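Me: Could you take a close look at one small part of this model with me? I would like to follow a single spot in the backbone and then see the setting around it.

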Amino acid sequence: MAILPFDDRDGVIWFNGKMVPWRDAKTHVLCHGLHYASSVFEGIRAYGGKAFKLREHMERFKASAQMLDFEIPYSVDELCKATEAVLKEQHIVDGYIRPVAWRGSEMMAISAQNNKTHTVIATWDWPAMFGKHDIRKEGVRLAISKWKRPSPETEPTASKAAGLYMICTLSKHAAERAGFQDAMMLDWRGYVAEATGANIFFVMKNGEIHTPKPDCFLDGITRRTVIELAKARGYTVVERHITPEEMADAKEAFLTGTAAEVTPVAAVENYTFTIGPVALGLMDDYAALVRGTSPETLKKAAG
Ligand code: PMP
């Protein structure tokens, strides 16, 4: 099935405070965001018409811009309300939400002291990956990238800055060319870091869940959610530096992310894992949580 190009669709996009027809949501080619990567974004999912962890995402969106030394001129509340409005206008039930903010065209040089910030929230249909039999049965296979996550002294690594995704695209392309679905990147010190759009977890042979300490990459909102779900199931979760060789001591592995949700990993190059009860159980827990059908949520709703 051909995918409709993203600049040629029906509907509306929230653009600097207004609903703009989809095809008119444009920026000029001479803008700082395009030339100097002064751009930050978010990726959010809506389930049953409701954006999951919307406030957390919008808080991170604003914080990402601040880390790049610019300010998104809307409050978290305004951004949440705008998201709800655009979801409604677009009649989204299960979908993806893409906020993006970038520096405009007032100055075209390294210095961008006088540039205005532009803010957009777009949304489109995107069914959840849950229940996809192939993922539950086969998981995904990852290559190890030759590109590393940089030191926090090189870039504001906690920011969801567009510029940092250059490393992810290079890694993902190389992995896909070699027949893998995604890449796992190490960090600048050689420790396991993350996949190109998701965090990584390992279930060790002693039953504990280990995941890299997010000290130079995104501490994913899904990562934090899944840590809570794992603790609620009684698992011990350890955040620490993990060397690639230690993957030999893991029996299961899985990815977490807004897009990936919980995705079992069958292999990282020559390290193979079983698709086992821990990953599959957390997949189910996450699916129930985002849809508001977990026993906890139902109990809270009943008062
Ligand atoms: N790492 C990277 C590089 C990502 O792009 C994402 C997706 N935003 C994540 C981790 C997971 O973050 P989250 O769970 O907040 O979506």
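Reply: Ala 37 is partly exposed: its relative accessible area is 34%, which places it between the 20% that bounds buried residues and the 50% above which a residue counts as exposed. Bear in mind that this is a predicted model, and that the values here are computed from it. Along the chain, Ala 37 sits in the loop that joins helix 1 (32–36) to strand 3 (39–41). Its backbone deserves a glance too, since phi of Ala 37 is near 60°, a positive value in a residue other than glycine.

Lys 53 makes a good companion to look at next. For Lys 53, phi is near 55°, again positive in a residue other than glycine. Lys 53 also belongs to a loop, here the one between strand 5 (50–51) and helix 2 (54–67). With a relative accessible area of 27%, Lys 53 is partly exposed.

Now step back to the fold that holds these loops. The protein has eight helices and 16 strands. Of its 303 residues, 50% are buried. Among contacts with a separation of 6 or more, 69% link residues 24 or more positions apart. The radius of gyration is 20 Å, which agrees with the value near 19 Å that a compact globule of 303 residues would have. Taken along the principal axes, the C-alpha atoms fill a box of roughly 55 × 50 × 40 Å. On the outside, the protein exposes about 15000 Å², and carbon and sulfur atoms supply 55% of that area.

The ligand is worth a visit before you close the viewer. It is surrounded by 14 residues, the closest being Tyr 165, Glu 194, Ile 221, Thr 222 and Thr 258. By type, the shell around the ligand divides into four nonpolar, seven polar and three charged residues. Some side chains come up to the ligand with polar atoms. In Tyr 165, a polar side-chain atom lies 2.4 Å from an oxygen atom of the ligand. Thr 222 has a side-chain N or O atom 2.6 Å from a ligand oxygen atom. Glu 194 faces a nitrogen atom of the ligand instead, with a polar side-chain atom 2.6 Å from it. On its own the ligand has 380 Å² of accessible area, and the protein covers 95% of this.

Technical notes:
Residues numbered from 1 in each chain as written. Predicted model: local features only at pLDDT ≥ 70, side-chain atom pairs only at ≥ 80, totals over all residues. Heavy atoms only, no water. Near = heavy atom within 4 Å. Polar contact = N/O pair within 3.5 Å; in protein donor to acceptor, adjacent residues only side chain to side chain. Areas by Shrake-Rupley, 256 points an atom, 1.4 Å probe, with all protein chains shown as cover. Nonpolar A, V, L, I, M, F, W, Y, C, P; charged D, E, K, R; others polar. Helix = DSSP H or I, 4+ residues; strand = E, 2+ residues; numbered from the N terminus. Rg over C-alpha atoms; globule rule 2.2 N^0.38 Å. Buried < 20%, exposed > 50% of the residue type's maximum accessible area, 1.4 Å probe, protein only. Contact = heavy atoms within 4.5 Å.
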